[in-house]
Amino acid sequence: MAGENTLFISYAHRDEIWKDELLVQLRALGRAVPLDIWDDRRIRQGEDWYREIRNAVARARFAVCLITGHFLGSSFCMDEEIPELLRRRQEEGLELLPILIR
């Protein structure tokens, strides 16, 4: 089931600087609206990273995709995250916001 205000960020690791810039803005928004911002840097060493990502996608109410060439070239983003995010958008009303970076 989707988390009340969980926001999942999908990005390519080579674009982490863009994700960090987005986090600055989202944290400011989080002061006005309770928001649980999730990106894969929350995964602790030794945890099952795949399961953690799948669980985060499953509980997200919102998702942001930072679209770059690296993102589009990432088989994990394109083959794992995007199909599930699109499915949830279609079937469950997940709010999905693609942001074209470069």
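**Group meeting: helix α4 and its surroundings**

Okay, let's start with a bend: α4 has a kink of about 35° at Glu81, shortly before the proline Pro83. Before I go on, keep in mind that this is a predicted model.

So, what does α4 look like overall? It runs over residues 75–92, which makes 18 residues. From the first C-alpha to the last, α4 reaches 24 Å, close to the 26 Å expected at 1.5 Å a residue. Right after α4 comes Gly93, and its phi is positive, near 80°.

Which residues of α4 are buried? That list is Cys77, Glu81, Ile82, Glu84, Leu85 and Arg88. Glu81, then, is a buried residue as well as the site of the kink. And what covers these buried residues? The cover includes three strands' worth of material, namely β1 (6–10), β3 (62–67) and β4 (95–100), plus the helices α2 (49–59) and α3 (69–72).

Just ahead of α4 there's Ser74, sitting in the loop between α3 and α4. Is Ser74 buried or exposed? With a relative accessible area of 19%, Ser74 counts as buried, because the cut-off for that is under 20%. If you want a long distance to look at, take Ser74 and Asn5: 27 Å between C-alphas, with their positions 69 residues apart in sequence.

Next, the pocket. The largest pocket has about 180 Å³ of space in it. Its lining comes to 15 residues, and the ones nearest its centre are Tyr11, His13, Asp40, Phe76 and Glu81. So our kink residue, Glu81, turns up again here. Which elements each supply at least two residues of that lining? They are β1, α2 and α4.

On to the aromatics. How many aromatic pairs does the structure hold? There are 4. Take Phe8 and Trp38: their ring centres are 5.5 Å apart and the planes are at 10°, so this pair is stacked. Phe8 is in strand β1 and Trp38 is in strand β2 (residues 36–38), so the pair ties together parts 30 residues apart in sequence. Both partners are buried, with Phe8 at 1% relative accessibility and Trp38 at 3%. There's also a cluster, in which ring pairs link Trp49, Tyr50 and Phe76. You'll recognise Phe76 from the pocket, where it's among the residues nearest the centre.

Last stop, the loop between β2 and α2, where I've picked out Asp39 and Gly46. How do they compare in accessibility? Asp39 is buried, at a relative accessible area of 6%, whereas Gly46 counts as exposed, at 77%. Which residues does Asp39 touch, once you leave aside neighbours within four places in sequence? The contacts are Ile9, Tyr11, Lys19 and Leu23. For Tyr11, the C-alpha of Asp39 is 8.6 Å away, and the two are 28 residues apart in sequence. Tyr11 is another one of the residues nearest the pocket centre. As for Gly46, its C-alpha is separated by 31 Å from that of Leu97, 51 residues apart along the chain.

To wrap up, if you open the model, I'd go to Glu81 and look at the kink, then at the pocket centre beside it, and then at the stacked Phe8 and Trp38 rings.

Key. Residues are numbered from 1 along each chain as its sequence is written. This is a predicted model: local features need pLDDT of at least 70, side-chain atom pairs count only at pLDDT 80 or more; totals for chains, interfaces and linings use all residues. Side-chain values use heavy atoms; hydrogens and water are left out. Helices (H or I, at least four residues) and strands (E, at least two) are DSSP runs, numbered from the N terminus. The expected span of a helix is 1.5 Å times one less than its number of residues. The bend at a residue is the angle between axes fitted to the seven residues ending there and the seven starting there. Buried means under 20% relative accessible area, exposed over 50%, partly exposed in between (1.4 Å probe, protein chains only). Contact means heavy atoms within 4.5 Å. Rings of Phe, Tyr and Trp (its six-membered ring) pair if their centres lie within 6.5 Å; planes under 30 degrees apart count as stacked, over 60 as edge-to-face and the rest as tilted. On a 1 Å grid over the protein atoms alone, a cavity is a set of points where a 1.4 Å probe fits but cannot get out, and a pocket is an open set with protein on both sides within 12 Å along at least five of seven lines; lining residues have an atom within 4 Å of a point. Grid points are joined across faces, edges and corners, and a volume is the space filled by probe spheres set on the points.
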